[in-house]
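Let's take a walk through this fold together, strand by strand. Have the structure open and follow along.

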Amino acid sequence: MKKTLQKKELLCIAGLILICLAWILWLKRPKEHVRVDVIHDGKTVLEFSPDEDAVYHIDGDCGGLDVEVKDGRWHVIHEQCPNHICAHTGWASAEDMIVITCLPNDIVIRMGEYTYEAQ
Ligand SMILES: [Zn+2]
């Protein structure tokens with residue numbers, strides 16, 4: 001009787017360890033699969049990977065803006081809009097999932113779907 005209890009306890013601990021491992025793996029999921037979508041006027045006009053440092057220009061209704069990508073994060077620079085809310089939003093990343101919007105330009109910069117490459 002005692003033996004079966006110990007076995008159940010071991011199974012329970014093993015299950016908890018597995019859940020923890022799965023959680024850690026999920027947290028440390030590869031970032032290269034993260035994609036950021038830039039939407040203007042309801043259409044995706046640009047997709048970029050946060051892992052590639054770059055500056056992208058997006059044309060908008062008020063002259064557009066630039067998105068600077070650096071060290072896995074991105075933010076709006078050189079925006080030509082009256083309220084500058086998009087630039088004041090600051091840095092966004094895959095972890096915080098902040099959506100940067102520029103209403104005057106009708107531009108939304110948000111996390112795209114996760115894409116998993118077939119193994
Ligand atoms: Zn703006």
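Leaving aside its neighbours within four places in sequence, which residues is Ile109 in contact with? Ile109 touches Val36, Val38, Val67 and Ile100. Keep in mind as you look that this is a predicted model.

That little cluster is a good way into the nonpolar core. The largest such core holds 13 residues, and those with the most contacts inside it are Leu65, Val67, Val76, Cys86, Cys102 and Ile109. Two or more residues apiece come from β1 (36-40), β4 (65-70), β5 (73-77), β7 (100-102) and β8 (107-111). As a general backdrop, nonpolar side chains in soluble globular proteins tend to be buried together.

Now for the sheets. Start with the one whose four strands run in the order β2-β1-β8-β7; it is open, and the pairing is antiparallel. β2 and β7 sit at the edges with a single partner strand each, so one side of each has no neighbour in the sheet. On average, neighbouring strands here are turned by 20° against each other, direction ignored.

Go across that sheet pair by pair. β1 and β2 (residues 43-48) are antiparallel over 5 bridges, and Val36 is found opposite Phe48 of β2. The two strands make a hairpin with 2 residues between them, and in the turn Asp41 has a positive phi of about 55°. Next comes β8, which runs antiparallel to β1 and is joined to it by 5 bridges. Here Val38 has Ile109 as its bridge partner, while His40 is bridged to Ile107. So much for the contact list we began with: Val38, one of the residues in contact with Ile109, is also its bridge partner.

At the other end, β7 and β8 pair in the antiparallel sense over 3 bridges, with Thr101 opposite Val108 of β8. This pair is a hairpin too, with 4 residues between the strands, and the turn includes Asp106, whose phi is positive at about 60°.

Over to the other sheet. Four strands in the order β3-β4-β5-β6 form an open sheet with antiparallel pairing. The edges belong to β3 (54-58) and β6 (92-93); each has a single partner strand, so one side of each is left without a neighbour in the sheet. β5 and β6 run antiparallel and are joined by 2 bridges, and Trp74 stands opposite Ala92 in β6.

What about the loops around β5? Asp71 lies in the one between β4 and β5. Its phi is near 50°, a positive value in a residue other than glycine. Asp71 counts as exposed because it has 10 C-beta neighbours inside 10 Å. His78 is in the loop between β5 and α2 (85-88), and it also has a positive phi of about 50° without being a glycine. With 13 C-beta neighbours inside 10 Å, His78 counts as partly exposed.

Finally, take a good look at Leu65, which sits in strand β4. Is Leu65 buried or exposed? It counts as buried, because 26 C-beta neighbours fall inside 10 Å. Its contacts, leaving aside neighbours within four places in sequence, are Ile58, Gly60, Val76, His78, Glu79, Gln80, Cys81, Cys86, Cys102, Asn105 and Ile107. Of these, Val76, Cys86 and Cys102 are among the residues with the most contacts inside the core, as is Leu65 itself. His78, the loop residue with the positive phi, is on that contact list as well. So how does Glu79 fit in? Leu65 and Glu79 are 14 residues apart along the chain, and their C-alpha atoms are separated by 4.1 Å.

Put the two sheets side by side and the core ties in with both. β1, β7 and β8, which belong to the β2-β1-β8-β7 sheet, are among the elements that give it two or more residues. β4 and β5, from the β3-β4-β5-β6 sheet, are among those elements too.

Definitions and conventions
Residues numbered from 1 in each chain as written. Predicted model: local features only at pLDDT ≥ 70, side-chain atom pairs only at ≥ 80, totals over all residues. Core = buried A, V, L, I, M, F, W, Y, C linked by C-beta atoms within 7 Å. Buried ≥ 20, exposed ≤ 12 C-beta atoms within 10 Å, placed from the backbone. Contact = placed C-beta atoms within 7 Å. Pairing = 2+ DSSP bridges. Axes fitted to C-alpha atoms, helices over the stretch in contact; angles between N-to-C directions.
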